[in-house]
Amino acid sequence: MAKLWGGRFTKSTNKLVDEYTASISYDRELAKEDIEGSLAHVTMLGECGIVTPEESQTIQDGLQKILDKVEKGQAEFSVDQEDIHMNIERMLIDEIGPVGGKLHTGRSRNDQVATDMHLYMRGKTELLIELLENVQSALLEKAKANVNTILPGYTHLQRAQPISFAHHMLAYFWMFERDKGRLKDSVKRINILPLGAGALAGTTFPINRRRVAELLDFDDIYPNSMDAVSDRDFVVEALSACSLIMVHLSRLSEEMVLWSSQEFKFIELDDAFCTGSSIMPQKKNPDVSELLRGKTGRVFGHLVGLLTVLKGLPLAYNKDMQEDKEGIFDTVKTITGALQLLAPILETMTVNKDRMRHAVEKDYSNATDIADYLARKGMPFREAHAITGKMVLYAIEHKKYLLDLELSEYKQFSLLFEEDIFEDLKPENVMRARESEGGTAPHQIEKQIMLAEEKIGRN
């Protein structure tokens with residue numbers, strides 16, 4: 001089949017070149033976006049008198065028929081036509097005859113593919129925001145049910161201070177809120193139209209770029225045609241935002257792997273989201289959480305890969321830029337699947353409240369409250385810190401926890417201690433004492449929950 005661009009050539013393309021340079025195996029993902037952009041373009045061509053109204057309508061009708069085939073999975077794509085643009089145009093010409101060749105008037109594949117990618121990223125960004133909100137809702141519901149559930153808080157993976165399990169869940173809520181903010185902000189740069197830039201310098205036809213922007217619901221057009229066809233910042237930005245989402249997914253997944261182990265037993269994951277062993281019948285493995293954690297690397301790789309492709313390219317369009325697609329397609333698939341799984345994992349997760357409570361009774365995570373107690377009595381905090389450290393060492397040497405010590409033992413370290421120290425050191429009181437804004441006290445968590453509900457439109 002003759003190439004649609006082959007007029008200048010005297011030889012057919014080497015078959016290996018066809019196979020190596022063709023992108024149709026993956027950019028067929030853009031079929032709907034390509035047709036959507038073409039419909040707007042040909043509508044504008046008709047309105048501007050560049051093609052007749054009848055020609056415009058005939059092309060639109062043909063494109064709608066092809067779109068119907070695409071949606072039904074009946075469209076056949078060919079490597080001979082290299083990419084999605086040439087495949088759609090060839091289908092159009094086969095469908096309506098030579099008038100289909102007028103569709104490409106006033107544009108290039110360079111501005112066409114850029115438009116397709118803008119449309120694709122706009123739709124996928126909206127989807128990711130929706131999926132993030134589903135995860136946030138699951139986190140919020142777990143938080144609301146566990147405001148008074150006491151969990152050991154960690155730093156350096158060492159017991160630090162007793163906190164509310166709700167507080168821990170909400171920490172991830174706010175991570176994902178920032179992720180949503182980055183995605184929403186990126187739409188300002190996604191929603192700029194490159195179509196009409198031509199190959200790099202614009203076109204001689206009297207097109208109306210702003211009319212196309214209006215038809216495609218873009219906020220603005222690129223003011224520079226060279227930048228329009230060579231810009232992939234918005235794809236890099238999406239990969240960067242997705243990489244951060246995967247960091248947050250991975251951190252949460254890591255905690256679910258740890259917490260569901262026999263060593264922790266803080267949670268139990270639902271059977272529907274675990275797998276077994278082919279040799280050890282007792283095993284219940286958190287494989288989904290492990291894969292959510294593991295797939296983070298491939299998203300990072302796609303970000304670094306595209307940055308590396310772009311960093312040495314001269315203006316304007318270069319074939320290297322074809323490499324922007326597989327990475328972002330795979331990233332969207334990876335992160336969409338991850339978010340779709342994470343929400344039900346959280347919803348069905350069992351929280352072992354007694355196990356968590358028992359854990360904070362058998363450690364020294366209430367030690368800070370001894371230092372705070374002495375500081376409230378007038379002792380400089382640094383001195384109180386030193387005394388508390390000595391008390392912890394004393395308790396360890398005597399195989400006791402801080403609540404096991406007698407008042408007489410406390411008074412060996414400071415006469416400021418009274419009976420009320422034992423109330424202060426109870427895990428629930430340690431948690432409730434953190435009343436500073438954003439702290440783990442239940443009253444502050446209730447405020448945080450109200451704010452979180454506002455963020456996802458619950459009120």
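# Notebook: salt bridges, ring pairs and one helix

**Entry 1. Glu133 and Lys180.** I began with Glu133, which forms a salt bridge with Lys180; their closest N and O atoms are 2.8 Å apart. The model I am reading is predicted. I looked up where the two partners sit: Glu133 is in helix α6 (residues 109–144) and Lys180 is in helix α7, 47 residues apart, and the pair links distant parts of the chain. I then checked how far each partner is covered. Lys180 has 0% relative accessibility and therefore counts as buried. Glu133 has a relative accessible area of 22%, so I noted Glu133 as partly exposed. For the structure I recorded a count of 31 salt bridges.

**Entry 2. Asp179.** I next turned to Asp179, found in helix α7, which covers residues 165–190. Is Asp179 buried or exposed? Its relative accessibility is 0%, so I entered Asp179 as buried.

I asked which residue meets the side chain of Asp179 in a polar contact of 2.7 Å. The partner is the side chain of His248. His248 also appears in the list of contacts that leaves aside neighbours within four places in sequence; there Asp179 touches Leu132, Leu244, Ile245 and His248.

Asp179 has a salt bridge as well, with Arg182, where the closest N and O atoms are 3.0 Å apart. Both residues belong to helix α7 and lie 3 residues apart, about one turn of the helix. An α-helix has 3.6 residues a turn, so residues three or four places apart point the same way. The partners fall into separate classes of exposure: Asp179 is buried at 0%, whereas Arg182 is partly exposed with a relative accessible area of 31%.

**Entry 3. Asp185 and Arg189.** Further along helix α7 I looked up a second salt bridge within the helix. The side chains of Asp185 and Arg189 meet at 2.5 Å, N to O. They are 4 residues apart in helix α7, and therefore about one helical turn separates them. I noted both as partly exposed: Asp185 has a relative accessible area of 32%, and Arg189 has one of 33%. Which residues share this network of salt bridges? Shared partners join Asp185, Lys188, Arg189 and Glu237 into one network.

**Entry 4. Aromatic pairs.** I then searched the whole structure for aromatic pairs and recorded 10. I examined Phe165 and Trp259: the ring centres are 5.8 Å apart and the planes are at 50°, so I classed the pair as tilted. Phe165 is in helix α7 and Trp259 in helix α10 (residues 233–259), 94 residues apart, and the pair links distant parts of the chain. I checked the cover of both rings' residues. Phe165 counts as buried because its relative accessibility is 0%. Trp259 is also buried, with a relative accessible area of 3%.

A further pair is Tyr394 and Phe413, which I recorded as edge-to-face, with 5.5 Å from centre to centre and 75° between the planes. Tyr394 lies in helix α16 (residues 381–397), and Phe413 lies in the loop between α17 (407–411) and α18 (421–424), so this pair ties together parts that are 19 residues apart in sequence. Tyr394 is buried, with a relative accessible area of 16%. Phe413, at 24% relative accessibility, counts as partly exposed. The cut-off matters here: buried means under 20% relative accessible area.

I also looked for rings joined into a group. Ring pairs link Tyr373, Tyr410, Phe417 and Phe422 into a cluster. As for charges over rings, I noted Arg122, which lies over the face of Phe218 at 4.8 Å from the ring centre.

**Entry 5. Helix α3.** Last, I checked the length of helix α3 (residues 31–47). How does the span between its end C-alpha atoms compare with what 17 residues should give? At 1.5 Å a residue the expected span is 24 Å, and the end C-alpha atoms are 24 Å apart, so the two agree. I then looked at the cover of α3: 14 of its 17 residues are buried, and the helix is mostly covered. Just after α3, I noted that Gly49 takes a positive phi of about 75°.

Technical notes: Residues numbered from 1 in each chain as written. Predicted model: local features only at pLDDT ≥ 70, side-chain atom pairs only at ≥ 80, totals over all residues. Heavy atoms only, no water. Helix = DSSP H or I, 4+ residues; strand = E, 2+ residues; numbered from the N terminus. Buried < 20%, exposed > 50% of the residue type's maximum accessible area, 1.4 Å probe, protein only. Polar contact = N/O pair within 3.5 Å; in protein donor to acceptor, adjacent residues only side chain to side chain. Contact = heavy atoms within 4.5 Å. Phe/Tyr/Trp six-rings, centres within 6.5 Å; stacked < 30°, edge-to-face > 60°. Lys NZ or Arg CZ within 6 Å of the ring centre and 35° of its normal. Salt bridge = Lys/Arg side-chain N within 4 Å of Asp/Glu carboxyl O. Expected span 1.5 Å × (residues − 1).
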